[in-house]
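The following exercises are to be worked through with the sequence and the structure at hand. Each task is followed by a solution in steps.

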Amino acid sequence: MSLYRDEGVVLRTQKLGEADRIVTILARRTGKIRAVAKGVRRTTSRFGARLEPFTHVDLQLHTGRTLDVVTQAETIRPYGEALAADYPRYTAGTAMLETADRLTHGEKEPALRQFLLLVGGLRTLADRDHEARLVLDAYFLRSLAVAGYAPALEACAKCQAPAIRAFAIVAGGVVCGACKPAGAAVPAGETIGLMTALLRGDWATADASEQRHRSECSGLVAAYLQWHLEHGIRSLRHVEREPV
């Protein structure tokens, strides 16, 4: 039996048998792990509540033939408690977990930057310093950048011309008039500025943005993310925007 320790965020769970669960975790060093948590659905379980989605946990596991097995779990921070009572923040957090799961394809492939982005995003949501959808859009843009899909926002994605006319998902971001494909969106300049601010972490600019530009930004970011994932993010249909 090979034991190892790591810390991670619980992304999702599924029932296994009468009392067990399979837990999917994005871990700091190991990457994505699928492991069996035995007996966690029993009321007498030592660590059932510690292995719920949103929980940042310190884990000890042993390597199994097909799935590893959780032998110890200690809570570092239960983000679910802070988010559960706030529907916009809870749904934004759920979309973050689903996106992290989709962007980390292989199991046990180190994904430190994705892990740090997820922990940072959940912490920012829980601390309530910024609107939930702004935090979610910032997380989407940065996680895409880490995965190698950052949208071009300052010069044409095709010819590098500085004159921006539209945003084309298939082209990889903003495009000039000459490169603009049919059906490309034509967002306000302030919307592109907001996307740039979120990607850079310029919260002063993001927090000062107008609601109409936030709405336009969210639509473009969600479409861009789902195009690159080649699947929809199911959680997004439940995401709500907080009133400004």
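**Exercise 1. A residue in a helix**

Does Val221 count as buried or exposed, and what is its relative accessibility?

*Solution.* The model under study is a predicted one.

Step 1. Locate the residue: Val221 belongs to helix 7, which covers residues 211–229.

Step 2. Apply the cut-off. Buried means under 20% relative accessible area. Val221 has a relative accessibility of 1%, and therefore counts as buried.

Step 3. List the surroundings. With neighbours within four places in sequence left aside, Val221 is in contact with Asp137, Phe140, Leu141 and Met195.

Step 4. Consider a further pair. Val221 and Ala147 are 74 residues apart along the chain, and 15 Å separates their C-alpha atoms.

**Exercise 2. A salt bridge within helix 4**

Asp137 appeared among the contacts of Val221. Determine with which residue Asp137 forms a salt bridge, and where the two partners lie.

*Solution.*

Step 1. Identify the partner: Asp137 forms a salt bridge with Arg133, and the closest N and O atoms are 3.2 Å apart.

Step 2. Place the pair. Both Arg133 and Asp137 lie in helix 4 (residues 132–146), at a spacing of four residues, about one turn of the helix.

Step 3. State the exposure: Arg133 and Asp137 are both buried.

**Exercise 3. A second pair within one helix**

Describe the salt bridge between Arg102 and Glu98.

*Solution.*

Step 1. Give the distance: the closest N and O atoms of Arg102 and Glu98 are 3.4 Å apart.

Step 2. Explain the spacing. Arg102 and Glu98 are four residues apart in helix 2, so about one helical turn separates them.

Step 3. Classify each partner. Arg102 has a relative accessible area of 26% and is therefore partly exposed. Glu98, at 12% relative accessibility, counts as buried.

**Exercise 4. A salt bridge between a strand and a helix**

Which parts of the chain does the salt bridge of Arg12 and Asp101 tie together?

*Solution.*

Step 1. Begin with the total: the rule gives 16 salt bridges.

Step 2. Select the pair. The side chains of Arg12 and Asp101 meet in a salt bridge with an N to O distance of 2.5 Å.

Step 3. Place both ends. Arg12 lies in strand 1 and Asp101 in helix 2 (residues 87–103), so the pair ties together parts that are 89 residues apart in sequence.

Step 4. Classify both ends. Arg12 is partly exposed, at 35% relative accessibility, whereas Asp101 is buried, at 13%.

Step 5. Extend the view: Arg12, Lys32 and Asp101 are linked in a network of salt bridges.

**Exercise 5. The interface of the two domains**

Describe how domain 1 and domain 2 meet, beginning with the area that they bury between them.

*Solution.*

Step 1. Set the bounds: the domain assignment gives domain 1 as 3–79 and domain 2 as 81–237. The C-alpha centres of these domains are 29 Å apart.

Step 2. State the area. About 2100 Å² is buried between domain 1 and domain 2, with 62% of it on carbon and sulfur atoms. On the side of domain 1, Lys32, Phe54 and Tyr79 lose the most area to domain 2, together 38% of what that side buries.

Step 3. Count the residues: 24 residues of domain 1 are in contact with 27 residues of domain 2.

Step 4. Count the polar links. Four salt bridges are found across the interface of domain 1 and domain 2. Between these domains there are eleven residue pairs in polar contact.

Step 5. Name the elements. Strand 1 (3–16), strand 2 (20–27), strand 3 (31–37) and strand 5 (68–78) each give two or more residues to the side of domain 1 that touches domain 2. Strand 1 gives the most, with seven residues.

Step 6. Sort by class: this side of domain 1 has ten nonpolar, six polar and eight charged residues.

**Exercise 6. A histidine in strand 4**

With which side chain does the side chain of His56 make a polar contact?

*Solution.*

Step 1. Locate the residue: His56 is in strand 4, which spans residues 55–62.

Step 2. Classify it. His56 has a relative accessibility of 8%, and so counts as buried.

Step 3. Find the partner: the side chain of His56 makes a polar contact of 2.6 Å with the side chain of Glu7.

Step 4. Add other contacts. Beyond its neighbours within four places in sequence, His56 is in contact with residues including Tyr79, Phe115 and Val119.

Technical notes: Residues numbered from 1 in each chain as written. Predicted model: local features only at pLDDT ≥ 70, side-chain atom pairs only at ≥ 80, totals over all residues. Heavy atoms only, no water. Buried < 20%, exposed > 50% of the residue type's maximum accessible area, 1.4 Å probe, protein only. Contact = heavy atoms within 4.5 Å. Domains from an automatic or database assignment. Buried area = accessible area lost by both parts, 1.4 Å probe. Polar contact = N/O pair within 3.5 Å; in protein donor to acceptor, adjacent residues only side chain to side chain. Nonpolar A, V, L, I, M, F, W, Y, C, P; charged D, E, K, R; others polar.
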